[in-house]
Amino acid sequence: MHYVGFAEMAAAVSNAGGLGIITSLTQRTPELLAKEIARCRDMTDKPIGVNLTFLPSFTAPPYPEYIAAIREGGVKAVETAGRSPEQYMPALKAAGIKVIHKCTSVRHSLKAEKIGCDAVSVDGFECGGHPGEDDIPNMILLPRAADELKIPFVASGGMADARSLVAALSMGAAGMNMGTRFIATKEAPVHPNVKQALLDATELDTRLVMRALRNTERVLKNKGVDELLEIEREKGATLKIDDIHEQIAGVYPKVMIDGEMDAGAWSCGMVVGLINDIPTVKELIDRIMAEAEAIIRQRLTGFLDGTIEPARTRAVA
Ligand SMILES: Cc1cc2nc3c(=O)[nH]c(=O)nc-3n(C[C@H](O)[C@H](O)[C@H](O)COP(=O)(O)O)c2cc1C
């Protein structure tokens with residue numbers, strides 16, 4: 001997560017039993033990424049991962065050098081996203097790195113399997129960030145992925161709590177990936193305004209931008225996003241990325257570091273409607289695991305023996 005996936009965030013997730021992921025491109029150079037990985041290692045002795053995002057950007061980052069920093073930092077799991085990692089697979093595999101490719105469709109997941117990815121992260125239409133252009137939500141996408149894939153996959157997009165986890169498992173996923181939910185934690189290294197915005201927002205407050213550019217992104221509505229949408233309406237199919245430069249370039253540091261919540265487009269998932277507190281990462285993960293157990297033992301067993309309680313909204317009181 002751009003400007004969120006710093007060492008502090010990744011270490012907190014790994015220390016709590018998850019796989020914390022550092023965002024490589026938030027580090028402006030491969031040297032800075034190497035330092036961030038080292039900083040994270042000082043905060044956790046658990047496995048960590050690094051995200052490598054291939055997206056259209058104003059200047060192309062030096063990916064081979066980023067991969068070298070990941071390899072030399074001893075990181076054994078890389079989450080790729082944006083475009084197929086095919087051209088970088090030999091380098092990643094030679095370094096003994098497991099590759100989890102984030103995909104928004106079954107066909108991209110199958111391609112990832114074919115080129116040797118170890119797992120995929122199946123990112124439904126609900127997700128914060130780039131949901132692709134097919135608009136298939138996870139209730140359909142996950143079972144479709146389960147029907148087609150041989151490699152394991154995690155469910156991504158709209159995952160927030162134990163209900164998400166149990167649902168994801170039941171639809172064939174091996175686990176779940178959370179983005180937006182982790183920003184609303186004590187350890188998330190972002191401005192308090194961001195966490196407050198997540199508490200205040202509902203599931204109705206995200207918007208899709210850059211559709212005309214086939215680079216759709218789900219973002220949290222704010223003044224900058226309203227301006228962006230207005231420009232998109234005016235330009236229609238003639239929209240160019242330069243037309244919305246002000247509303248998308250350099251927004252992340254303004255939002256995440258300075259807390260300027262109206263600065264423009266920053267990724268946020270519909271799951272924001274399920275966020276009502278700011279726990280520590282450990283409290284969040286422990287709660288998810290405990291409530292998942294309760295759902296499985298009580299609610300799902302109740303389904304089998306006919307004692308299921310109707311309309312229960314949370315797993316445990
Ligand atoms: C603030 C923010 C920044 C993100 N930045 C990236 C990124 O740089 N690269 C990437 O692959 N995904 C990025 N994502 C997407 C997440 O990695 C993840 O796929 C997504 O948040 C899952 O959906 P959820 O938000 O509903 O949990 C970002 C998400 C958020 C909320």
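1. Two strands are taken as paired when DSSP finds at least two bridges between them. With that in hand, here are some notes on this model, which is a predicted one. Seven strands form an open sheet in the order β1-β2-β3-β4-β5-β6-β7, and the pairing is parallel. At the edges sit β1 (20-23) and β7 (176-177), each of which pairs on one side only.

2. For a closer look at the sheet, try β5 and β6. Strand β5 covers residues 119-123 and strand β6 covers residues 153-156; the two run parallel and are joined by four bridges. Which residue of β6 is the bridge partner of valine 120? That partner is phenylalanine 153. As a general reminder, strands of a sheet pair through backbone hydrogen bonds, in either a parallel or an antiparallel way.

3. Now to a pair of helices. Helix α1 (residues 7-15) packs with helix α2 (residues 30-43) at an angle of about 40 degrees, and their axes are 9 Å apart. The crossing of α1 with α2 is right-handed. On the α1 side, Ala7, Ala10 and Ala11 make the contact, while α2 brings Glu36, Arg39, Cys40 and Met43. By class, the residues of this contact are five nonpolar and two charged, with no polar ones.

4. The domain assignment splits the protein into domain 1 (7-185) and domain 2 (192-271). Their C-alpha centres lie 22 Å apart. How many residues of each domain are in contact with the other? Domain 1 contributes 19 residues and domain 2 contributes 15. On the side of domain 1 that touches domain 2, you will find eight nonpolar, eight polar and three charged residues.

5. Finally, the ligand, which may be the part you want to see on screen. It is surrounded by 26 residues, and the closest are Ala81, Gly128, Gly129, Gly179 and Gly269. Both domain 1 (7-185) and domain 2 (192-271) take part in this shell, with at least three residues from each. Among the elements that line the ligand, β2 (48-53) and α8 (180-183) each supply at least two residues. Sorted by class, the shell holds nine nonpolar, 13 polar and four charged residues.

Definitions and conventions: Residues are numbered from 1 along each chain as its sequence is written. This is a predicted model: local features need pLDDT of at least 70, side-chain atom pairs count only at pLDDT 80 or more; totals for chains, interfaces and linings use all residues. Axes are lines fitted to C-alpha atoms, for helices over the stretch in contact, and angles run from 0 to 180 degrees between N-to-C directions. A crossing is left-handed if the near helix is turned anticlockwise from the far one by less than a right angle, and right-handed if clockwise. Two residues are in contact if their C-beta atoms, placed from the backbone, lie within 7 Å. Ala, Val, Leu, Ile, Met, Phe, Trp, Tyr, Cys and Pro count as nonpolar, Asp, Glu, Lys and Arg as charged, and the others, Gly among them, as polar. A residue is near a molecule or strand if its C-beta atom, placed from the backbone, lies within 6 Å of it. Domain bounds come from an automatic or database domain assignment.
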